[in-house]
Amino acid sequence: MKKEILEIFSNTYPDRDYTIEIVNPEFTSVCPKTGLPDFGTITIRYVPDKSCVELKSLKYYYLEFRNAGIFYENITNRILDDLVSVMQPRSLSVTTEWKARGGITETVSVSYSAAR
């Protein structure tokens, strides 16, 4: 997964706190143990500072995970780390909700808040 794929643009309202929510209900990756596909919903909520993430680049970034053997927890934390690194938002949270496999679902949440 290459965070260099992520593009940003200037926040027109950097003096205002507002929340952006981005939902991807069609996220796919691969289980590193079985090689079977995993299907999930990724929800990103953030309060931008000077920049926002460009959605088309985020879509292509997500596609990088499609054939990667990676655990749910690692996906969630990796997305947070990469977005914080690129955007430097005031706050950001990532929630991943995974479809049932063997009758078990999982939700992973992680958040970041900049020191003010």
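Phe 27 counts as buried, because its relative accessibility is 1% and the cut-off for buried is under 20%. The exercises below start from this residue. The model is predicted.

**Exercise 1. Classify the pair of Phe 27 and Phe 65, and state what it ties together.**

Step 1. Search the whole structure for aromatic pairs; there are 6.

Step 2. Take the rings of Phe 27 and Phe 65. Their centres lie 5.5 Å apart and their planes stand at 55 degrees. Planes under 30 degrees apart would be stacked and over 60 edge-to-face, so this pair is tilted.

Step 3. Place both residues. Phe 27 sits in strand β2 (residues 20-30). Phe 65 sits in the loop between α1 (55-63) and α2 (72-87). The pair therefore ties together parts that are 38 residues apart in sequence.

Step 4. Check the burial of Phe 65. Its relative accessibility is 0%, so Phe 65 counts as buried.

**Exercise 2. Do the same for Tyr 72 and Trp 98.**

Step 1. The ring centres of Tyr 72 and Trp 98 are 4.2 Å apart, with 10 degrees between the planes. This aromatic pair is stacked.

Step 2. Tyr 72 belongs to helix α2 and Trp 98 to strand β5 (residues 91-101). The pair links distant parts of the chain, 26 residues apart.

Step 3. Tyr 72 has 15% relative accessibility, so it counts as buried. Trp 98 is buried too, with a relative accessible area of 3%.

Step 4. Now widen the view. Ring pairs join Phe 27, Tyr 61, Tyr 62, Phe 65, Tyr 72 and Trp 98 into a cluster.

**Exercise 3. Describe how α1 and α2 cross, and list the residues that meet.**

Step 1. The axes of α1 and α2 come within 12 Å. They cross at roughly 145 degrees.

Step 2. The crossing of α1 and α2 is right-handed.

Step 3. From α1, the residues are Leu 58, Tyr 61 and Tyr 62. They meet Arg 78, Ile 79, Asp 82 and Leu 83 in α2. Tyr 61 and Tyr 62 also belong to the ring cluster.

**Exercise 4. Which residue lies over the face of Tyr 60?**

Solution. Lys 59 does, at 5.3 Å from the ring centre.

**Exercise 5. How many disulfides are there, and are Cys 31 and Cys 52 buried or exposed?**

Step 1. A disulfide is a covalent bond between the sulfur atoms of two cysteines. The sulfur atoms must lie within 2.5 Å. The count comes to 0 disulfides.

Step 2. Cys 31 has 13% relative accessibility, so it counts as buried. Cys 52 is buried, with a relative accessible area of 3%.

Conventions:
Residues numbered from 1 in each chain as written. Predicted model: local features only at pLDDT ≥ 70, side-chain atom pairs only at ≥ 80, totals over all residues. Heavy atoms only, no water. Phe/Tyr/Trp six-rings, centres within 6.5 Å; stacked < 30°, edge-to-face > 60°. Helix = DSSP H or I, 4+ residues; strand = E, 2+ residues; numbered from the N terminus. Buried < 20%, exposed > 50% of the residue type's maximum accessible area, 1.4 Å probe, protein only. Lys NZ or Arg CZ within 6 Å of the ring centre and 35° of its normal. Axes fitted to C-alpha atoms, helices over the stretch in contact; angles between N-to-C directions. Left-handed = near helix turned anticlockwise from the far one by under 90°. Contact = heavy atoms within 4.5 Å.
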